[in-house]
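Visitor: I would like a close look at one end of this chain. Then take me on through the rest.

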Amino acid sequence: MRQKLGIIAASVIVGLTAVVLGIFGNPANMQFCVACFIRDIAGALGLHSAEPVRYIRPEVIGIVIGAFIAALVKKEYAPKGGSSPFTRFVLGICVMIGALVFLGCPLRVVLRIAGGDLNAVVGLAGFAGGIFTGIAFLNRGFSLKRSYDQPAAEGLAVPAVSILLLALLITAPAFLFFSESGPGSAHAPLLLSLAGGLAVGAAAQRSRLCFIGGIRDAVLFKEFNMLMCFGIILAVVFAGNVITGAFNIGFYNQPIAHAEWVWNILGLYLVGFGSVLLGGCPMRQLVMAGGGNSDAGVTMLGFITGAAISHNFALASSGAGTTPNGRIAVAICAIVMFAIAVLNSRKALQTRRV
């Protein structure tokens, strides 16, 4: 019961935070999207040249620091790492490419549905399919090996970098890049965004909230508590959109979205598959990194690199649709993920030992 109440509370906090940030300036149907916000940070640091998507998002900083503080308070801060870091880096790149072909992370799937975007409903089929594929490999003994205790400094790296990013956002030195139009220019006030991120990070750390965990745990362990997060966040944000007049149902003319169903499905397939292999969705990776997990920190570097690759090589979609390069990248990433899954399954590992 305690775990269930924690998930309910965390889901309400996430939903309310998204609604409030949307009211005060964050882009419609993208009020709180981890993938999109990491992409914006990559742009602000000059890692890609897409002018409309450049801003250091305080929400991402807040998630990491909020999770870090919550872990310290509950004496759960535990620096660990060393579990196939390069493989995690590559998976992080692939997950981000899939997310930017779809245009959103698992949290944004819920936010887009709550705003009336039916393309996200279609994309859910790919997300679920990716999760089930990942589960199939877990049942075959897939593992990225165990992690090991590490020095405190290793676990502090991601929180320290997050504080540095906050300092850069506040001081705004000339070498940063900020959008003057487009999604990157639409943002809530800094303190409100940071507070929202802190609240979400702390709540997600305490509840272990994860957008792939619900389906994975239901299939593997017959545990259904985490599935509630989808419905609760959807209900809260839907209510907020209806009250504020932001609800607009349909497939077309949706903010920062496209109606190419096949690629919505395949993009989210990569996100679901890769997240299972990584052991958590993009938001969960931020939370784990805040709690001292350097493997999650390496995955975050993969996300940032994937965002930079997506925009530097025209892989990312836009409201006009997908790109030829993006479609090719989805196919390549799928092959890479299957190769990683096969080579790290129990059967493959046993063959290598022989």
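Does M1 count as buried or exposed?

Guide: M1 counts as exposed, because its relative accessibility is 71%. The cut-offs are simple: buried is under 20% relative accessible area, exposed is over 50%, and partly exposed lies in between, with a 1.4 Å probe and protein chains only. A word on the source: this is a predicted model, where local features need pLDDT of at least 70, side-chain atom pairs count only at pLDDT 80 or more, and totals for chains, interfaces and linings use all residues. Residues are numbered from 1 along each chain as its sequence is written, and side-chain values use heavy atoms, with hydrogens and water left out.

M1 sits in the segment before α1 (2-23). Helices here are DSSP runs of H or I with at least four residues, strands are runs of E with at least two, and both are numbered from the N terminus. M1 also belongs to a nonpolar surface patch, together with L5, I8, V12 and L16. Their accessible area together is about 470 Å². That area comes from the Shrake-Rupley method with a 1.4 Å probe, and for residues only the protein chains shown count as cover. Patch members have over 30% relative accessible area and no salt bridge; nonpolar side chains (Val, Leu, Ile, Met, Phe, Trp, Tyr) are joined within 5 Å, like charges within 9 Å. A salt bridge puts a side-chain nitrogen of Lys or Arg within 4 Å of a carboxyl oxygen of Asp or Glu.

Now the salt bridges themselves. The whole structure holds eight. R39 and D40 form one of them, at 3.1 Å from N to O. R39 is buried, as its relative accessible area is 3%. D40 is buried too, at 0%. Both residues are linked with R57 in a network of salt bridges.

The next bridge joins R208 and E76, also with an N to O distance of 3.1 Å. These two lie in distant parts of the chain, 132 residues apart. R208 is in the loop between α9 (190-207) and α10 (213-221), and E76 is in the loop between α3 and β1 (80-81). R208 counts as partly exposed because its relative accessibility is 35%. E76, at 30%, is partly exposed as well.

E260 and R327 make another bridge, at 3.8 Å from N to O. E260 lies in the loop between α11 and α12, while R327 is in helix α15, so this pair ties together parts 67 residues apart in sequence. E260 is partly exposed at 25%. R327 is partly exposed at 30%.

On to the aromatics. There are 11 aromatic pairs. The rule: rings of Phe, Tyr and Trp (its six-membered ring) pair if their centres lie within 6.5 Å; planes under 30 degrees apart are stacked, over 60 edge-to-face, and the rest tilted. F137 and F338 are an edge-to-face pair, 6.0 Å centre to centre, with 70° between the planes. This pair links helix α6 (residues 118-139), home of F137, to helix α15 (residues 324-343), home of F338, across 201 residues. F137 is buried, since its relative accessible area is 9%. F338 is partly exposed, at 32%. Both join Y269 and F273 in one aromatic cluster.

F251 and W261 form a tilted pair: 4.9 Å centre to centre, 45° between the planes. F251 is in the loop between α11 (228-244) and α12 (261-278), and W261 is in helix α12, 10 residues apart. F251 is partly exposed at 28%, and W261 is partly exposed at 41%.

Helix α5 (residues 106-114) is mostly covered, with eight of its nine residues buried. Among them are P106, L107, V109 and A114. G116 follows α5, and its phi is positive, near 100°.

Last, the largest pocket. Its space comes to about 380 Å³. Of its 18 lining residues, V158, V161, M300, L301 and I304 are closest to the centre. At least two lining residues come from each of α2 (34-44), α3 (58-73), α8 (157-171) and α14 (294-312). The largest share is from α14, with six residues. A pocket is an open set of points on a 1 Å grid over the protein atoms alone, where a 1.4 Å probe fits, with protein on both sides within 12 Å along at least five of seven lines; lining residues have an atom within 4 Å of a point. Points are joined across faces, edges and corners, and the volume is the space filled by probe spheres set on them.
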